Amino acid sequence: MTDASRSEELFERARQLMPGGVNSPVRAFGSVGGTPRMMVSGKGAYLTDADGREYVDLVCSWGPALLGHAHPAVLEAVHSAVDRGLSFGASTPAESELAALVVGRVSAVERLRMVSTGTEATMTAVRLARGYTGRNLIVKFAGCYHGHLDGLLAAAGSGVATLALPGSAGVTEATAAETLVLPYNDITAVEEVFAARGSQIAAVITEAAPANMGVVTPADGFNAALSRITREHGALLILDEVLTGFRTGYAGYWGLTGGAVGAADPFVPDLLTFGKVIGGGMPVAALGGRADVMDYLAPVGPVYQAGTLSGNPIAMAAGVATLTAATPDVYTAIDSRSRELQDALSAALSEAGVDHSIQTAGNLFSVAFGTSANGVRNYADAQAQEAFRYAPFFHAMLDAGVYLPPSVFEAWFLSAAHDDAAMDKIFAALPAAARAAAA
Ligand code: PLP
């Protein structure tokens, strides 16, 4: 394991100044060990660290960099918005431009409210569901991550999974008691909880496809069944597309599945949350959905929500430029790169004798070690895998110039800028990394 010296120096300084040296826990490399690389620039499929080393990036800012880093059209839009001023705290035309792009792509969205982070989007969606239904309880699934709002940190994925925490200190028992946590992909458990407490449940929140316990494919009809059950009981379905939205397809994961023309199990979620790609790398997120529900938000309705920097003009410009450039062809290209990489990864691991499954949801995927028998269907499966194989695999890839998510519980992200040269660099690194995972 070679640690980059300038990165080491900079990280040491960061550790004196910030808890764990980071502003988001997974960045600390806690579960893979070693010194986090301090990144100083990104271009296309590549990141460059403080030591001048270049990496093919398979994190893509945890999703937003769909077009690759520093995409010319996005930079131009941002530069031109910057020249007109940074923030006005007033309505701007760009907000409606971005909202119209979302409404035009995702037919389940009739109205949209912009916020700055995915956490704010899900937090507001939960408050809105409670305000609309007059009920308190929220159902979530173990291993799904919806941001760091108190009520949804129980059995959460992402960094909570990476740090092996059951939840978070600082969440009161009263708050935790209002969240019912069920196993993912288990419709019987959902039926049972609604049979017992249906009249108290405001909403079910679920990732459109889980990607924060590694990727898990929703069983056929699972999301549609959630929609049916919530409707039968007067509750709402909140489909969290913060990670999958505008990444797994032109209209998100819902657009690929329940909202697709001719879908086997069509359904329409009541509320959806977006983040990441919608801002193209700037802090933008949003919640949207049925007009009658969304109009419960202030100033029309009684559910309060606000933000000094919500709809920030620079962030809106980045979002508009990103979604405009994210044409159907972009998704076709990323889908095909993703399949190539899944095949190469699986072949390298098989060649090295490493038992694994490749978990997919559209173009999103992750690897899970020692899971070939049943794959990963829920959080218990994800936690039971041979996670210890990931650290040596990760470091072999890093040493070969490929930057993977520093946790086995995260998805791998590709971009439209991952060309043949970038893919070849990844393919070349895989065999040695697979042998490292076997050891
Ligand atoms: N929801 C999902 C599905 C996510 O993956 C994330 C972040 O990874 C969030 C919500 C929270 O978004 P943010 O980190 O912008 O607060």
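## Strand β9 and its partners

Two strands count as paired if DSSP finds at least two bridges between them. Keep that in mind while looking at β9 in this predicted model, where D240 has T273 of β9 as its bridge partner. That bridge belongs to the pairing of strand β8 (residues 236-241) with β9, which is parallel and runs over four bridges.

Then there's strand β10 (residues 285-289), which is antiparallel to β9 and joined to it by four bridges. Here L272 sits opposite G288 of β10. As for the side chains of β9 (residues 271-274), L271 and T273 point one way, while L272 and F274 point the other way. Which of these are buried or exposed? All of them are buried.

## K276, just past the strand

Move on into the loop between β9 and β10 and you'll meet K276. An unreviewed UniProt entry marks K276 with the feature "modified residue: N6-(pyridoxal phosphate)lysine". Although it lies in a loop, K276 counts as buried because it has 26 C-beta neighbours inside 10 Å, and the cut-off for that label is 20 or more.

What does K276 touch, once its neighbours within four places in sequence are set aside? Its contacts are W62, G63, P64, G118, V242, L243 and R247. Three of those names, G118, V242 and L243, come back in the next section.

## Around the ligand

The ligand has 16 residues around it, and the closest are G118, T119, G147, V242 and L243. So which element gives the most to this shell? That's helix α4 (residues 118-133), with three residues.

In terms of chemistry, the shell holds nine polar residues, five nonpolar ones and two charged ones. If you're setting up a pocket around the ligand, G118 is one to look up in both places: it is among the closest residues to the ligand and also a contact of K276.

## Helix α14

Now for another part of the chain. Helix α14 (residues 390-399) is largely enclosed by the rest of the structure, because eight of its 10 residues are buried. Those buried residues are Y390, A391, F393, F394, H395, A396, M397 and L398.

What do they pack against? The buried residues of α14 pack against two strands, β12 (364-369) and β13 (402-403), and against helix α15 (420-438). After α14 comes G401, which has a positive phi, near 90°.

Terms used: Residues numbered from 1 in each chain as written. Predicted model: local features only at pLDDT ≥ 70, side-chain atom pairs only at ≥ 80, totals over all residues. Buried ≥ 20, exposed ≤ 12 C-beta atoms within 10 Å, placed from the backbone. Near = placed C-beta within 6 Å. Nonpolar A, V, L, I, M, F, W, Y, C, P; charged D, E, K, R; others polar. UniProt positions renumbered as here; feature names shortened; annotations may be inferred. Contact = placed C-beta atoms within 7 Å.
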